[in-house]
Amino acid sequence: MRHCFPRIPHAFPGSQAGGAASCDVTRRKTKPKETPSYIFPMSSLTMSARFAVLHVLGILSLTRSSSGSELSVPVPISCGTRAADLPDSTQRVLCPANCTLWKMSVFGSGVYASVSSVCGAGVHSGIIGVSGGPLQIQRRQGRTNYLSSYAHGIQSQTLSRWSASFTVARATSSPMEVSSQTSSTSIPASGPVKKTVKKNLKKPPAAENRDCQVDIALLLDGSYHIGQRRFNLQKNFIGRLAAMLKVGPDGPRVGVVQASESPRTEFYLGNYSMPKDVSFALKEVAYIGGNTNTGKAILYTVRNFFNPEYGVRRGHPRIIVAFVDGWPSDNLEDAAVMARESGINVFIVSVAKPIPEEMGLVRDQDYMKKAVCKDNGFFTMSMPSWFSTNKFVKPLAQKLCSLDQLLCSKTCYNSVNLGFLIDGSSSVGDANFRLVLSLLSSIARNFDISDIGSRVGAIQFTYDQRLEFGFNEHTRKDDALRAIQNIPYMSGGTATGDAITYAVENLFQPRTMGMGKKYLIIVTDGQSYDDVRGPAIAAQRAGITVFAVGVAWAPMEDLKAMASEPKDSHTFFTREFTGLEQFEQPIVRGICRDFTESN
């Protein structure tokens with residue numbers, strides 16, 4: 001049998017151009033009616049011709065593979081290609097090397113306007129570096145207020161509005177590569193080819209933990225004190241922590257900020273939604289070095305990291321976990337106060353505590369107590385070194401998912417100031433007055449009243465006003481509920497407008513309130529002798545949300561004039577005092593709805 005290879009003119013340097021076709025004559029026995037198996041005898045080819053054949057076969061293999069699954073192969077683009085330049089069907093792109101040498105226009109941070117360079121956004125996000133690489137693109141709707149920031153050598157710009165947006169993430173799979181290396185399996189052997197069926201031994205990904213929907217900023221220690229080797233061990237620990245947490249879009253979300261001389265965001269909450277993606281991203285985080293300015297990093301994270309633009313979810317607990325190797329170089333107390341006031345739970349993980357001889361170098365030996373959400377032992381953890389951390393992964397993950405113990409989380413239940421304005425006029429009567437107090441007590445019972453949580457205050461009014469108790473007088477729930485039930489009935493006329501003004505000036509005082517949102521719940525049974533509209537508008541301009549509850553002869557016109565917008569969901573009315581109890585849950589849900597929409 002005769003096998004011939006066609007001429008390959010100028011295939012590689014050193015090959016003979018225009019040479020005759022190379023042929024080989026062999027004798028083969030074949031069975032009747034059986035298709036012969038053809039063999040390419042590589043021994044008769046020159047080395048350059050062999051490489052040419054392999055090159056052609058590799059290209060054909062890549063073409064065949066890509067034609068069957070176009071979406072798995074990234075589309076090569078230039079450094080300046082904008083997302084707006086790409087077809088909507090394009091989901092994966094391949095950025096070239098050395099894009100950092102070009103001036104690329106990038107608008108936004110985390111979420112980018114579609115007029116941004118895609119590769120520039122990839123570098124800015126820290127997903128690719130100087131060597132380029134594949135990116136996954138996710139299209140998003142247009143928005144307002146694209147924020148600027150400096151990250152990974154790229155200064156992004158602000159943009160007030162654009163019609164379309166996108167985010168970038170690490171590509172989950174790499175394209176098929178054409179290998180230039182020869183191997184025994186590159187050319188099929190003679191005889192019938194047996195197809196081997198590969199079993200899929202890949203384990204299914206662990207399901208996300210939907211019982212732990214928290215947003216976590218992990219602050220890596222990138223100081224000179226930790227050094228490159230321990231820095232890598234720290235990244236490994238955080239990768240295992242992400243796997244233990246079972247991060248996911250509807251579970252825990254994590255992002256990373258590196259703390260050193262100046263903090264740097266490595267990636268945001270919305271960048272990576274799978275544990276393996278977080279681990280890959282951590283491998284790309286470069287060690288900075290510098291002082292251990294943990295306080296500066298906490299302040300930076302509070303001000304810049306927890307932003308809906310970067311994947312933060314509304315109404316979910318927010319956590320900062322700061323890893324400190326040795327001790328911090330700066331003060332943490334001011335940063336901790338801002339974190340608490342912003343509803344963020346701060347955890348401190350101390351590794352390799354200073355030995356007695358080093359204690360004189362520590363700026364504040366009680367920094368852990370002052371930095372955490374609450375000094376009760378729950379928000380701190382100490383590890384002896386980075387070389388023995390396996391046993392600490394699970395306990396830390398369990399703490400971060402103990403939602404009922406995240407005392408600094410800002411929710412509608414623990415971050416509101418509830419003011420009660422109670423009609424004590426003669427038309428109410430003592431028995432009905434007790435029913436009013438029962439409603440207010442049941443509303444207050446739904447909230448976490450404490451010195452760092454929600455607070456309650458009360459005013460009773462007739463023609464006159466009386467401050468029953470202020471926001472800072474009863475900071476334990478039992479005491480507050482008891483104080484409401486023990487309010488004595490006044491009796492008199494009805495001047496609701498003056499009472500609202502009195503509440504704004506005397507109850508809602510910054511020195512007595514907590515940091516939460518302000519609510520005023522007015523309960524009245526009749527028409528006011530004075531104007532209510534003006535005082536109510538002034539209260540709302542002062543940031544107070546007003547719920548108006550009317551009984552018996554209270555005119556609906558007055559109730560709606562006092563209530564915040566939308567009027568229908570802030571106004572309640574019943575003919576009988578016995579019907580007040582039905583308003584407990586609607587008012588509580590209304591407070592939480594307003595709170596969530598404003599945070």
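**Entry 1: the open sheet**

I started with the sheet of 6 strands, which is open, has mixed pairing and runs in the order E13-E12-E11-E14-E15-E16. I looked for its edges next and found strand E13 (264-267) and strand E16 (380-383), each pairing on one side only. From one strand to the next, the twist averages 20 degrees. A reminder to myself as I go on: this is a predicted model.

I then checked how strand E11 (residues 215-221) meets strand E14 (residues 318-325): the two run parallel and are joined by 5 bridges. Within that pairing, leucine 218 has valine 321 in E14 as its bridge partner.

What lies across this sheet? I found helix H5 (residues 294-304) there, lying across E11, strand E12 (253-259), E13, E14 and strand E15 (344-351). Helix H5 runs at about 160 degrees to E14.

**Entry 2: strands around E7 and E10**

I moved on to the strands E7 and E10, and kept one general point in mind: strands of a sheet pair through backbone hydrogen bonds, either parallel or antiparallel.

I counted 10 bridges between E7 and E10, which run antiparallel. Glutamine 141 stands opposite alanine 164 in E10, and arginine 139 stands opposite phenylalanine 166 in E10.

Phenylalanine 166 came up again when I turned to strand E6 (residues 111-113), as the bridge partner in E10 of tyrosine 112. Strand E6 is joined to E10 by 2 bridges, and this pair runs antiparallel.

I also followed E7 to strand E4 (residues 92-95), where 4 bridges join the two in an antiparallel pairing. Here cysteine 95 stands opposite glycine 133 in E7.

**Entry 3: the second largest pocket**

Which strands supply at least two residues each to the lining of the second largest pocket? My notes say strand E7 (133-146), strand E10 (159-170) and E12. I was pleased to meet E12 here, as this strand also belongs to the open sheet of Entry 1.

The volume of this second largest pocket is about 430 Å³. I listed 24 lining residues, with Gln138, Gly270, Asn271, Tyr272 and Ser273 lying nearest the centre. Sorted by class, the lining holds 11 nonpolar, 9 polar and 4 charged residues.

**Entry 4: the cavities**

How many cavities of 30 Å³ or more does a search of the whole structure find? The search gives 2.

I took the largest cavity to begin with, at about 60 Å³. Gly110, Val111, Arg140, Thr167, Gly270, Asn271, Glu309, Tyr310 and Gly311 line this cavity. By class, I have 2 nonpolar, 5 polar and 2 charged residues. Gly270 and Asn271 caught my eye, since they line this cavity and also appear among the residues nearest the centre of the second largest pocket.

The second largest cavity has a volume of about 40 Å³. I noted its lining as Thr496, Thr524, Gly526, Ser528, Val532, Ala554, Pro555, Asp558, Leu559 and Met562. Which element gives the largest share of that lining? I found that helix H13 (residues 556-562) does, with 3 residues. The classes here come to 5 nonpolar, 4 polar and 1 charged.

Notes. Residues numbered from 1 in each chain as written. Predicted model: local features only at pLDDT ≥ 70, side-chain atom pairs only at ≥ 80, totals over all residues. Heavy atoms only, no water. Pairing = 2+ DSSP bridges. Axes fitted to C-alpha atoms, helices over the stretch in contact; angles between N-to-C directions. Contact = heavy atoms within 4.5 Å. 1 Å grid on protein atoms, 1.4 Å probe; cavity = no way out; pocket = protein on both sides within 12 Å on 5 of 7 lines; lining within 4 Å. Points joined across faces, edges and corners; volume = space filled by probe spheres on them. Nonpolar A, V, L, I, M, F, W, Y, C, P; charged D, E, K, R; others polar.
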